[in-house]
Amino acid sequence: MRVDVISKEYPPEIYGGAGVHVAELVRSLRRSIDVRVRAFGAPRDEEGTTSYSVPAELVDANATLATLGTDLSMVGDIAGADVVHSHTWYANFAGHLAKLLHGIPHVITAHSLEPLRPWKAEQLGGGYRVSSYIEKTAYESADAIIAVSDGMRRDILRSYPDVDPERVVTIHNGIDLERWVRREDHDVARSLGIDPTRPTVIFVGRITRQKGLPYLLQAARHLPVEVQLVLCAGAPDTSEILAEVQSAVDVLRSERDGVVWIDRMLTRDELSTALSVSSVFVCPSVYEPLGIVNLEAMACGVAVVGTATGGIPEVVDDGVTGRLVPIDQVDDGTGTPVDPDKFVSDLARVLTEVVSNPDLCRQYGEAGRHRVEDHFAWEAIADRTEALYRRLTA
């Protein structure tokens, strides 16, 4: 069986969880089937992987048109595949056209949904309407849609009521248990600007509305003075959200020390070290289909405090591997808390309760490692994905 996987992100060009997912899924699938990767970006030397750049005529065009041009350049090469599997709207157009042109099943993995990310209009302008159209068209005609959580499955069926529920299956994201392990290297931590002797709350994520970073920065003003806050945050969606975060960080730094902002992409070893020397990982997202970074923190044996939204409650076992922060959200697709002050207050309270109790942090961290070992190994996830391919081609 040959499966062509299409993704905007693929090593070494990864900036979010979708790219991590594709890389790990492909690596695990290649144990048993022929997987050809078709990815955006610069040439790669990995066997079975082809890169596609923006057509010269579209280099200066709207970013959405450039994406569609890249998709078009892939479609012809998918001839001969048994299944095409696309990830994110960036690749859905190529997957949809390949299905039509070559008469093969199209599988989509849903990492996020355009209707639930209306702030993307800030970044894409009219391109957001195009991306929304592409996603809707692809979802409604796909042969199967993989939701990375049950919460995401519910969101798909709510956002696209014309999609047949029988075609939407849940297969969780996974974690590489051999690569993501605890690394308490204090020298590496100090080289990153982190004091490994202080109680620490760490955030890892892109600077985007869905990650809830502004709410965390407000909550951090109420943490005990001895607590260090580490922000591994980069790749801002817009200059506006970057300016908002920068302003909030400046205010926080004027009030307390121990605010560390790392805005570059860390290596896996650096990030696992930053996580391992921290007391608590925080995921303040207002929209999160699952959150691979929660799995990464748990694999490193770190307690997790996350918002009780999306797929996070399927990862964080409240009171066992960490804590969930309650949130009531307005029903307009933005994920905005109904009462932002209450959410900030609850986030600060829960973080303080956990970070102030080293024994509890250790207990949560150990339970988190056991949970990812039992439920989120990539090999089992790849097996379920391959079984779906074979069912579609039987």
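A crossing of two helices is called right-handed if the near helix is turned clockwise from the far one by less than a right angle. Keep that in mind for the second stop of this tour, which goes through a predicted model.

**Stop 1: the sheet.** Start by selecting the strands of the open sheet: there are 7, in the order β3-β2-β1-β4-β5-β6-β7, and their pairing is parallel. At the edges you will find β3 (49-52) and β7 (168-170), each with a partner on one side only. Looking from one strand to the next, you can follow a twist that averages 20 degrees. Now pick out β4 (residues 83-87) and β5 (residues 106-110), which are joined by 4 bridges. Within this pair, V84 stands opposite H106 of β5.

**Stop 2: two helices.** Add helix α2 (residues 63-75), which packs on the sheet and touches β1 (2-7), β2 (34-40) and β3. The direction of α2 makes about 150 degrees with that of β2. Next, show helix α3 (residues 89-102): its axis and that of α2 come within 9 Å and cross at roughly 35 degrees. Here is the crossing promised at the start, and it is right-handed. To see the contact itself, display side chains from both helices, including L68, L72 and V75 of α2 and F93, L97 and L101 of α3. Sorted by class, this contact has 12 nonpolar, 3 polar and 1 charged residues.

**Stop 3: salt bridges.** The whole structure holds 27 salt bridges, and a few are worth a visit. Select D269 and R183, whose side chains meet at 3.2 Å, N to O. D269 sits in helix α10 (residues 268-276) and R183 in the loop between β7 and α7 (186-191), so this pair ties together parts 86 residues apart in sequence. D269 is partly exposed at 42% relative accessibility, and R183 is partly exposed at 28%.

Move on to E255 and R221, where the closest N and O atoms are 2.5 Å apart. This pair also links distant parts of the chain: E255 belongs to helix α9 (residues 239-255), while R221 is in the loop between α8 (213-219) and β9 (228-234), 34 residues apart.

For a local example, select E353 and R349, with their closest N and O atoms 3.6 Å apart. Both lie in helix α13 (residues 340-355), separated by 4 residues, about one turn of the helix.

**Last stop: a network.** Finish by selecting E24, R27, D176, R179 and R268 together, and you will have a network of linked salt bridges on screen.

Methods:
Residues are numbered from 1 along each chain as its sequence is written. This is a predicted model: local features need pLDDT of at least 70, side-chain atom pairs count only at pLDDT 80 or more; totals for chains, interfaces and linings use all residues. Side-chain values use heavy atoms; hydrogens and water are left out. Two strands pair if DSSP finds at least two bridges between them. Axes are lines fitted to C-alpha atoms, for helices over the stretch in contact, and angles run from 0 to 180 degrees between N-to-C directions. Contact means heavy atoms within 4.5 Å. Ala, Val, Leu, Ile, Met, Phe, Trp, Tyr, Cys and Pro count as nonpolar, Asp, Glu, Lys and Arg as charged, and the others, Gly among them, as polar. A salt bridge is a side-chain nitrogen of Lys or Arg within 4 Å of a carboxyl oxygen of Asp or Glu. Buried means under 20% relative accessible area, exposed over 50%, partly exposed in between (1.4 Å probe, protein chains only).
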